[in-house]
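Q: I should like a close look at a single part of this structure, with its surroundings described afterwards. Please set the account out as one connected answer.

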Amino acid sequence: MDNKKDSIYPVLHKYFGYSKFYPLQEDIIRWVLGRKDLFVLMPTGGGKSLCYQLPALLFDGITVVVSPLIALMKDQVDGLIENGISAAFINSSLRSDGIVTRKKELAEGKTKILYIAPERLAMPEFIRFLQGLKVSLFAIDESHCISEWGHDFRPEYRQLSMLRQHFPKTPIMALTATATPSVQRDIIEQLKLTDYRIFTASFNRKNLFYQIIPKDNPYHQILCFLKERKKESGIVYCQGRKTVEHLAESLQNDGYRALPYHAGLSAEMRTENQERFIREDVEIIVATIAFGMGIDKPNIRYVIHYDLPKSIEGYYQETGRAGRDGLKSDCILLFSYADKMKIEYFIRQKEDENEKHVAYKQLREIVSYCESNVCRRRILLDYFGEKFSEHNCGNCDLCLNPKEQFDGTVIAQKLLSCVYRVGECFGMHYVIDVLLGSKNQKVLQNGHTALSTYGIGKEYSKPQWLAFSRELIQSGYLSLDGEKYPVLKLNKQSREILLGRKKVFLTKPEETPSFAVSKEDTNYDQALYERLRVLRKSIADRESMPPYIIFHDTSLKEMSTRYPQTASDLEKISGVGELKLRKYGALFLKEICDYCRQHAVIPKQDNFKQRAFAEKQTRTPTIYATLELCKNNLSLQEIAGKRGLATSTISTHLEKLILGGEDVSIDKFVDPGKQQHIRAAIEKLGVEALSPVKELLGEGYSYDEIKLVRAEMMYAMRKKETDTE
Ligand code: ADP
Ligand code: ZN
């Protein structure tokens, strides 16, 4: 067994083309290799599949994977075969001769991984067949489907509780990305796991940028966002079918490749639209929540919630479909109180009191998430019982642009008195029109131009007034009443303000509420990347496979950064395993070399000695917390003190930031005179090791100082090289 454990890294590289594990993968794999049961709780994109696919290669027998979605099995199996792993699926989409062939291959020991739907495991004939083979592991994917408490209960999954009885000695691995404690207990009980361990990965999806925008002319808002992302894949979630249809059509008319997806479409239509999205014939899917369970497409770059989701759990699942490949992706929610009221309306129609109660609670939670002033990530993780201790996550709208407060009493008084003057029977937009002195028909007809509050709010724009109104509602100084056409009404608290007995603080308005555009990664050669994408798509179409099965975007981006010239260079790119190198290596190398020639790009000598590209990709929040403090003119010791970390840790953070191209001046940390000496010493002794430099310089110089100067020198060198390319 031990030599098996030693071979996990070579296998990782050979078959998957990776050099490192994601968090927990290695622990999980080592545990499985000990042939014991386990329960794996990992968010989407956490890398669950590798946890059973890699051990499968080390076991003598077969690994049986139970998965609820027949439609996805083929892609999963194709992906494995592309990696040189013998895999197959048996499901109802096959003709009986297809099943016979596969069974034969299984019996001959030719197949390592078998995908099946749960129904099949309920067939006595199939159980007997499996019993005749050597099954080394059962992996139950999406295992929350077994639980009635979960949101995806599937009766077929219940039958899996028979597994233990038929295969008492075969380890079972249950995997899921959603599990509240009760669902978790239920899964473990149903599957009768024994002597098991639970592995829970962090639910923090560091690469997802969360932002919430007041919904105001939503179509225009999403067009603004999409303008810059014509080539990227994304999902737009809407609450209803009509919105889906309508929105998909509008996007098509505006020149986007978008398709609808909802439960009202025929099954064929849905499959086709999903397929076209996965194969990248279209970039956008506009969908109801019916879309997405088990979507494996790794390069979904954004998920937009066009309407308010019904719960945090749903929202987290849906946003979770973005950025499985670990690259930066956007999650945008357009929030409006009108949507909240729509959902309330639907809840009121429910018969079951308990259901009603749960739905209200979920709605309250998502609304307070939207209204909150603290880090989005913190609230989400808190919801899943995970403590997030970073002060600033560095990747949500609130952490990037903290809201500033100011005394808004006069603003509130203007708005409230206008509500009063119009008789408390108009909606938000109308009241604001009056404040702004609008000449629109309705205002004229109602004679509201004569009101004392007419036109007294011109110092702010309409979106800003809308933001103030929402905030006043949220903090209870103003009420919204009515279902279909909600109107603004005063309440007890409003009077306190109007009478000048109380002050109100409001959030400082932005010019126009807009997207806090998350910075796109542009450290790669975009022209080359485009060419590689085109090449990938043509191969994918020829082999009728989704492009990501050939290579992930991450691999193409890395190629467009490091310009591999030889097979041995290419093999060092993450995601390039042995078989892919053989199958596609020559094609991709040719494209890259041609490109380099045509554009006179001379790849750097040490391109393949540098640290892996992937390491540069993830912004770890902790170093960004250091960056923030750095902007406040603090010394190394002060930053260390504030963060409760050693100065050496802080200098390492700064080193990474400098190398990553962040604008950090080291003058505050190292006296310019000393910098000169350190530079001279490094030039003499080289950048590889710090201690000889320290030795040469003597007592008056610290490792921290040397490290920072070295980082700056290395960055300058690198920059010079790339500039001359
Ligand atoms: P999950 O099923 O948990 O959502 P997947 O198994 O689909 O996650 O993996 C998410 C993505 O991460 C996939 O594109 C996969 O190829 C990639 N991946 C998994 N493990 C690694 C690793 N160790 N190194 C690099 N990429 C990985
Ligand atoms: Zn945050």
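Are Cys396 and Cys399 buried or exposed? Please begin with the metal site to which they belong.

A: The model is a predicted one. In it, Cys396 and Cys399 are both buried. Each is a donor to the zinc ion (ligand 2), and each binds through its SG atom. The protein donors of this ion are Cys375 (SG), Cys393 (SG), Cys396 (SG) and Cys399 (SG), at 2.3 to 2.4 Å from the zinc. The angles among the four donor atoms run from 101 to 118°, and the site is tetrahedral. Since four donors count as tetrahedral if all angles lie between 85 and 135 degrees, the site of the zinc ion (ligand 2), with its angles of 101 to 118°, meets that criterion. Along the sequence, the donor residues follow the spacing C-x17-C-x2-C-x2-C.

The domain assignment places residues 208-400 in domain 2. The remaining domains of the chain are domain 1 (2-200), domain 3 (405-507), domain 4 (526-599) and domain 5 (615-724). Between the C-alpha centres of domain 3 and domain 4 there is a separation of 58 Å.

The enclosed spaces may be taken next. There are two cavities of 30 Å³ or more, and the second largest holds about 30 Å³ of space. Its lining consists of Phe203, Asn204, Arg205, Tyr210, Tyr316, Arg377, Leu380 and Leu381. Helix H18 (residues 376-383) supplies three residues, the largest share of that lining. By class, five of the lining residues are nonpolar, one is polar and two are charged.

Two individual positions complete the account. Arg531 is located in helix H25 (residues 526-542). Its relative accessibility is 23%, and therefore Arg531 counts as partly exposed. The C-alpha atom of Arg531 is 58 Å from that of Val419, with the two positions 112 residues apart along the chain. Leu24, by contrast in setting, lies in the loop between helix H2 (8-16) and helix H3 (25-33). Leu24 likewise counts as partly exposed because its relative accessibility is 23%. The C-alpha atoms of Leu24 and Lys48 are separated by 9.7 Å, and these residues are 24 apart along the chain.

To return to the part requested, the zinc ion (ligand 2) is held in a tetrahedral site, and its protein donors include Cys396 and Cys399, both of which are buried.

Technical notes
Residues numbered from 1 in each chain as written. Chains lettered and ligands numbered in written order. Predicted model: local features only at pLDDT ≥ 70, side-chain atom pairs only at ≥ 80, totals over all residues. Heavy atoms only, no water. Donors = N, O, S within 2.8 Å, 3.2 Å for Na, K, Ca; no water. Tetrahedral: all angles 85-135°; square planar, octahedral: opposite > 155°, others 65-115°. Buried < 20%, exposed > 50% of the residue type's maximum accessible area, 1.4 Å probe, protein only. Domains from an automatic or database assignment. 1 Å grid on protein atoms, 1.4 Å probe; cavity = no way out; pocket = protein on both sides within 12 Å on 5 of 7 lines; lining within 4 Å. Points joined across faces, edges and corners; volume = space filled by probe spheres on them. Helix = DSSP H or I, 4+ residues; strand = E, 2+ residues; numbered from the N terminus. Nonpolar A, V, L, I, M, F, W, Y, C, P; charged D, E, K, R; others polar.
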